Amino acid sequence: MCRWVLIVLWASLAGACPTQQMSAEEVFANQERAERLYQQGSYQLALSEYREVIESLPEHAQSWLRLGNCFAQLGRYPEAVAAYQRALVINPEFANAWINLSYVQAQILSQTVAEMYEQVPKTDPQAERVSELVDTVLAPFSPSQNAQTNSSQSAVSGRAKELNDYEEQ
């Protein structure tokens, strides 16, 4: 199905832009290389292939999703957020992009509160409030409601690692 979407998109772009930088065969080859590299876990290499596909097919939401997934796998969360948001501009009903955007933003938030917890001295007048905020933010990711902060942080990190396939379709 993805291949047919690429064909339709390419055909529509070919009519709009008489001087295509890549032929349809080259776009498909890039897409296939990108997919293979992605499946092999070679996210950095897959990035350049997805970028080439997107350059030729800027309205291909699935490629933006995969680009976001590559960025997320590499820990480049702001770039992942931007890629997922671009996919959502193209297709606001793209559930997988919404799901992955949510996971990445949750990861960013968990890193922020974990860093706050580590940096704010326990003697600070706001230390109790910091601890409460950490527990509140990380509680949904905790295996139990009574888990300690460190295990909550581990649960968030573990959930983020579950995203290595992110949501695909």
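## A tour of the helices and three single residues

Start with E49, which lies in helix α3, residues 43-56. This is a predicted model, and in it E49 is buried, with a relative accessible area of 14%. The cut-off for buried is under 20% relative accessible area. Show the side chains around E49. Apart from neighbours within four places in sequence, E49 is in contact with N30, R33, A34 and L37.

**Zoom out to the whole chain**

Colour by secondary structure. The chain has 8 helices and 0 strands, so the order of elements from the N terminus reads α-α-α-α-α-α-α-α. Of its 169 residues, 39% count as buried. Among contacts between residues at least 6 apart in sequence, 55% join residues at least 24 apart.

The next stops are pairs of helices. Two packed helices are described by the angle between their axes and the distance between those axes.

**Select α3 and α4**

How do α3 and α4 run relative to each other, roughly parallel or roughly antiparallel? Their axes come within 9 Å and cross at roughly 155 degrees. Angles over 145 degrees count as roughly antiparallel, and α3 and α4 are therefore roughly antiparallel to each other. In passing α4, α3 makes a left-handed crossing.

Now display the side chains where the two helices meet. On the α3 side, select Y43, A46, L47, Y50, R51, V53 and I54. On the α4 side, select S63, W64, R66, L67, C70, F71 and Q73. Sorted by class, this contact has 10 nonpolar, 2 polar and 2 charged residues.

**Stay on α4 and pick A61**

A61 is in helix α4. It counts as buried, at 11% relative accessibility. Which residues does A61 touch, not counting those up to four places away in sequence? They are A87, I90, N91 and F94. For a distance to draw in the viewer, take the C-alpha atoms of A61 and R86: these residues are 25 apart in sequence, and their C-alpha atoms are 7.6 Å apart in space.

**Select α4 and α6**

Keep helix α4 (residues 61-73) on display and add helix α6 (residues 95-119). The two pack at an angle of about 20 degrees, and their axes are 10 Å apart. That angle makes α4 roughly parallel to α6. The crossing in which α4 passes α6 is left-handed.

To see the contact, select L65, N69 and A72 of α4 together with N96, A97, N100 and V104 of α6. The contact of α4 with α6 holds 4 nonpolar and 3 polar residues, and no charged ones.

**Move to the loop and pick R76**

R76 is found in the loop between α4 and α5, the latter being residues 77-90. Is R76 buried or partly exposed? At 25% relative accessibility, R76 counts as partly exposed, a class that begins where buried (under 20%) ends.

Leaving out neighbours within four places in sequence, R76 is in contact with Q44, L47, R51 and F71. With one of these, Q44, there is a side-chain to side-chain polar contact of 3.5 Å. Another polar contact, of 2.7 Å, joins the side chains of R76 and E79.

L47, R51 and F71 are already familiar from an earlier stop: L47 and R51 belong to the α3 side of the contact with α4, and F71 to the α4 side. To relate R76 to α6, draw the C-alpha distance from R76 to V104. The two C-alpha atoms are separated by 9.6 Å, and the residues are 28 apart along the chain. V104 is one of the α6 residues in the contact with α4.

**Last stop: α6 and α7**

Follow α6 and add helix α7 (residues 127-138). Their axes are 10 Å apart, and the packing angle is about 155 degrees. α6 and α7 are therefore roughly antiparallel to each other, and their crossing is left-handed.

Which residues make the contact between α6 and α7? From α6, select L109, S110, V113, M116 and Y117. From α7, select V130, S131, L133, V134, V137 and L138. By class, the contact of α6 with α7 divides into 9 nonpolar and 2 polar residues, with no charged residue.

Definitions and conventions: Residues are numbered from 1 along each chain as its sequence is written. This is a predicted model: local features need pLDDT of at least 70, side-chain atom pairs count only at pLDDT 80 or more; totals for chains, interfaces and linings use all residues. Side-chain values use heavy atoms; hydrogens and water are left out. Axes are lines fitted to C-alpha atoms, for helices over the stretch in contact, and angles run from 0 to 180 degrees between N-to-C directions. Helices (H or I, at least four residues) and strands (E, at least two) are DSSP runs, numbered from the N terminus. Angles under 35 degrees count as roughly parallel, over 145 as roughly antiparallel, 65 to 115 as roughly perpendicular and the rest as oblique. A crossing is left-handed if the near helix is turned anticlockwise from the far one by less than a right angle, and right-handed if clockwise. Contact means heavy atoms within 4.5 Å. Ala, Val, Leu, Ile, Met, Phe, Trp, Tyr, Cys and Pro count as nonpolar, Asp, Glu, Lys and Arg as charged, and the others, Gly among them, as polar. Buried means under 20% relative accessible area, exposed over 50%, partly exposed in between (1.4 Å probe, protein chains only). A polar contact is a pair of N or O atoms within 3.5 Å; within protein, one must be able to donate a hydrogen and the other to accept it, and residues adjacent in sequence count only if both atoms are side-chain atoms.
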